[in-house]
Amino acid sequence: MVKLTDNEWAILEVLWADGPCELGDLVSALVPTHPWRRNTVHTYLTRMESKGLVAIDRTQDPHRYTAAIDRELCARQARSQLLDKIYGGATGDLIAAFLKESHITPEERDRLRQLLDDMEV
């Protein structure tokens, strides 16, 4: 199971959205939320490569960086970790907490009802 740090998420979000990037492009894309220097981003990228999160194409100059892990897989694992950690695996409790604490539109409510009906809960 992969557990990403917030900073790893930020870098991967850019790579998932923009595809392969050169270091300078990645640094520029991160500036609004993470005003890191090039060396900082490079350090993250090399560490993330060793964890299997990022692929580095060293055959090109400048090097190109690509996400080596699927976004949906990471999101699924993060949801599972949250569910287990906070709600002891009780999906209904998690959904009930979200519904109590946030407003949903009538369209979202109808979609949720349809989803539950389709699941035959």
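## A surface patch, a buried glutamine and a small sheet

Leu 82, Ile 86 and Phe 98 come together as a nonpolar patch on the surface, and their accessible area adds up to about 290 Å². Keep in mind that this is a predicted model.

Let's stay with Leu 82 for a moment. Leu 82 sits in helix H4, and Gln 77 has its place in H4 too, a helix that covers residues 71-87. How do these two fare for accessibility? Gln 77 counts as buried because its relative accessibility is 15%, under the 20% cut-off. Leu 82, at 37%, falls in between the buried and exposed limits, so it counts as partly exposed. Here they are next to each other:

| Residue | Relative accessibility | Class |
|---|---|---|
| Gln 77 | 15% | buried |
| Leu 82 | 37% | partly exposed |

What does Gln 77 touch, leaving aside its neighbours within four places in sequence? The contacts are Met 1 and Val 2.

Now for the sheet. It's an open one with three strands in the order S1-S3-S2, and the pairing is antiparallel. Strand S1 (21-22) and strand S2 (54-57) are the edge strands, each pairing on one side only. S2 and strand S3 (residues 64-67) run antiparallel and are joined by four bridges. Within that pairing, Asp 57 stands opposite Arg 64 in S3.

Helix H3, spanning residues 38-50, packs on this sheet and touches S2 and S3. The direction of H3 makes about 110° with that of S2.

Technical notes:
Residues are numbered from 1 along each chain as its sequence is written. This is a predicted model: local features need pLDDT of at least 70, side-chain atom pairs count only at pLDDT 80 or more; totals for chains, interfaces and linings use all residues. Side-chain values use heavy atoms; hydrogens and water are left out. Two strands pair if DSSP finds at least two bridges between them. Helices (H or I, at least four residues) and strands (E, at least two) are DSSP runs, numbered from the N terminus. Contact means heavy atoms within 4.5 Å. Axes are lines fitted to C-alpha atoms, for helices over the stretch in contact, and angles run from 0 to 180 degrees between N-to-C directions. Buried means under 20% relative accessible area, exposed over 50%, partly exposed in between (1.4 Å probe, protein chains only). Patches are made of residues with over 30% relative accessible area and no salt bridge: like charges are joined within 9 Å, nonpolar side chains (Val, Leu, Ile, Met, Phe, Trp, Tyr) within 5 Å. Accessible areas come from the Shrake-Rupley method with a 1.4 Å probe; for residues, only the protein chains shown count as cover. A salt bridge is a side-chain nitrogen of Lys or Arg within 4 Å of a carboxyl oxygen of Asp or Glu.
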